[in-house]
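Me: I should like to examine how the descriptive terms applied to this structure are justified. Please set each value against its criterion.

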Amino acid sequence: MTTATQPQAEENLAAKLPPDTLQQWLRDMLLIREFEVRTMQAYQDRKIGGFCHVYIGQEAVAVGCTAAVEHKDPIITAYRDHGHALARGMDPRYAMAEMYGKIGGCAKGKGGSMHLFDKPNNMFGGHGIVGAQCPLGTGLAFATKYEDEVMKGGTNTRVTLCFLGDGALNQGAFHEAMNLAGILDLPIIFICENNGYSMGTAISRGTTMGHNITSKAAGYGMESAIIDGMDIFTVYNGMKPLVDRCRDTSRPIFVDMRTYRYKGHSMSDPRKYRTKEEEQQYESNDVIDKLANWLMQEGHLTEDAYDKLVKEIRKEVRASMKWADNSPEPDIKELYTDVFVEEWGPFLGTSPPQIVKDAEGAGNDEDDDETREDDDD
Amino acid sequence: MPREIEFREALREAMSQCMRDDPRVFLMGEEVAEYNGAYKVSKGMLDEFGPRRVIDTPISENGFAGLGIGAAMMGLRPIIEFMSWSFSLVAADQILNNAPKMLYMSGGQFGCPIVFRGNNGAGGQLGSTHSWCVESLYANVPGVKIVLPTTPYEAKGLLRTAILDPDPVFFLESERMLGMKGDVPEEPYEVPFGKARIVREGTDCTIVSFGRPVHFCIEAAETLEKDGIDCEVLDGRSVRPLDIDAIVKSVRKTNYCVVVDQAWPFASISSEIASQVHKRCFDDLDNHVHRVNADDVPAPYAYNLEQEMLPNARKIVEAVRSATYQA
Ligand SMILES: Cc1ncc(C[n+]2csc(CCOP(=O)(O)OP(=O)(O)O)c2C)c(N)n1
Ligand SMILES: [Mg+2]
């Protein structure tokens, strides 16, 4: 098991941000935590089916990393994706309804927990097959660079964040994606959310050089960094300069983001492969508490305000569950929509989910509007 | 001595008995050893056989599938577990390009006695990436044997046959059946490939299926019996080799045929069987062969959509009624 080592103290960029930004981070992390607690309950209550993987413990990674990029920068991840979707701004109603298998879900109930997509927020999915998102991430980076440089004749403006688990280090797809990103000079950051385990396999049992996975990047001549993912300050402070450099140089970077999942791999995991002490060691030094304490110490948060925030979030998540409950099941016709873009034979063309309609209704004018013509059904 | 055990225990017993008899047999896959199997199929096997023969792998399907094939070329008898056949797709080159063609490509020098096994088909709201039924897709490739067990008894006997077989075998289990109980003898026995099993005799319509949907066929046959339609249900056991003779024999008796196939309809096991039955039973059939497949769409997550997409007893009943002009 890797214990998160404290990397070099970087310039504390996060501490210089306006307090309301840090308050927003706290809010985002609390939202993910509460959402996941409720997700677990809903799963027990059989409102959610299939495989379900919660993000509790890793909140600082999704929130800190998305804070270090801009909204236009694409992100993509694996199946443990609720945190990334929420950090990117997905309304929890759409995420919850998706897991409830309802029409109001971000994919109209067709994707489920492992496959959350949010086009208006440039979130290119949750992906269920370990490692599969790595070549896709490479493709996103290729496309942003191509648009900026080949089609618009300018220079690259966007950075892709491609998240992966430590288990994905052992997939061919990861290695091919790393090599391609290197060869093609693609503006992508591969963020390995190294929580020490892939299911019941400790990284040292599954990965050579598991104690130092940045050696994988070295093999591809790629810049890399080790970041403590159990503290949103270190995440942001570590990521921000990397993101800036990636944007400027259009060269790929690999990050060993040391983190921990407090809960089991999925909803049916007795966690016999690790000790209670190890779990407690991380939980007692909780990522959310750390930020809340800091804000209080600095005088940016009172106990009362914190309690109020917690209550507000509880209400918001509960409302999302209610909304999901009330959202109808998808019409059986939905089986035959979205198979092909055009109507053809038994296939019914496409129809946008609520999440896209809402964004359009709100006049959310992204600069990549030309890629959206498939939403006009 | 028959006793009632779970499907997963029957699979384990087949593997363990072969491993006791033959040191060339080993089990490899994700979480098979220390975790006791993601679905507890290999529970206790690490304790009995040790880490040199029950081997945990990283999430590297292409790597360990290929490793198994190489070991089989050297004469070992690997059992490679895919946590799900859905994940075998990342190993497609190894299992489709190498395993089935090695013997041919080497002019008979290097065989490939290997078993790939794991969960196939919808596990229940797993979404499109995790709900693959690979039988139709992989059956297109010459050189593989593809087996779908339906009961604990069948599972133990068929898996033993698979391990003893000198050719590559794809053994397709179902997560939904692992807890199913049934009578299984303790002593080793083999159930042959390419020999369909008559699950239920009948005179009015032949229903052919493989794996889990065989149980839906039985359910449908019971419903239809009440309407006076007496169905004959065949469990094909293996799609390759296919026991077309048994199907033909049954259709010549009943004059009607419904094929139930949990994979997609296009270029599928069911379309293959329909084609062969049309050719062999042209004069015997009183209607064209009817097919029940999963809908021709990716597997959806939502419960109601998934239920609608998959074959079930209701759809089989409807197909039989339609095939026998009693709709
Ligand atoms: C190709 C493939 N093989 C196996 C699986 C089954 N599986 C799902 S998650 C997982 C463990 C992955 O662990 P890691 O990449 O470390 O991510 P974490 O769960 O820690 O977020 C496995 C083996 C899969 N989804 N895809
Ligand atoms: Mg992990």
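**Terms and their grounds**

Reply: P241(B) is situated in the loop between strand 12 (238-240) and helix 9 (244-254) of chain B. The model is a predicted one.

Me: What makes the peptide bond between R240(B) and P241(B) a cis bond?

Reply: Its omega is about 0°, and the bond joining R240(B) to P241(B) is therefore described as cis. Most peptide bonds are trans.

Me: Why is the phi of R271(A) remarked upon?

Reply: R271(A) is not a glycine, yet its phi is positive, at about 55°. Most residues other than glycine have a negative phi. R271(A) belongs to the loop between strand 7 (253-258) and helix 10 (276-283) of chain A.

Me: Why is the site of ligand 1 called shared between chains?

Reply: The site is shared because the residues that surround ligand 1 come from chains A and B. There are 21 such residues, and the closest are Y79(A), R80(A), G167(A), N195(A) and E61(B). By class, this shell holds nine nonpolar, eight polar and four charged residues.

Me: How do you know that N195(A), G128(A) and H265(A) make polar contacts with ligand 1?

Reply: The criterion is a pair of N or O atoms within 3.5 Å. A polar side-chain atom of N195(A) is 2.7 Å from an oxygen atom of the ligand, and a polar backbone atom of G128(A) is 2.9 Å from a nitrogen atom of ligand 1. For H265(A), a side-chain N or O atom lies 3.4 Å from a ligand oxygen atom. Each of the three distances therefore satisfies the cut-off. Taken alone, ligand 1 exposes 590 Å², and the protein buries 95% of that.

Me: What makes D166(A), N195(A) and Y197(A) donors to the magnesium ion (ligand 2)?

Reply: A donor is an N, O or S atom within 2.8 Å of this metal. D166(A) (OD), N195(A) (OD1) and Y197(A) (O) coordinate the ion at 2.1 Å, so they qualify. Along the chain, the donors follow the spacing D-x28-N-x1-Y. The pair D166(A) and Y197(A), 31 residues apart, links distant parts of the chain: D166(A) is in the loop between strand 2 (160-165) and helix 6 (172-183) of chain A, and Y197(A) is in strand 4 (residues 197-198) of chain A.

Notes:
Residues are numbered from 1 along each chain as its sequence is written. Chains are lettered from A and ligands numbered from 1 in the order in which they are written. This is a predicted model: local features need pLDDT of at least 70, side-chain atom pairs count only at pLDDT 80 or more; totals for chains, interfaces and linings use all residues. Side-chain values use heavy atoms; hydrogens and water are left out. A residue is near a molecule or strand if one of its heavy atoms lies within 4 Å of it. A polar contact is a pair of N or O atoms within 3.5 Å; within protein, one must be able to donate a hydrogen and the other to accept it, and residues adjacent in sequence count only if both atoms are side-chain atoms. Accessible areas come from the Shrake-Rupley method with a 1.4 Å probe; for residues, only the protein chains shown count as cover. Ala, Val, Leu, Ile, Met, Phe, Trp, Tyr, Cys and Pro count as nonpolar, Asp, Glu, Lys and Arg as charged, and the others, Gly among them, as polar. Donors are N, O and S atoms within 2.8 Å of the metal (3.2 Å for Na, K and Ca); water is not among the atoms, so sites may look incomplete. Helices (H or I, at least four residues) and strands (E, at least two) are DSSP runs, numbered from the N terminus.
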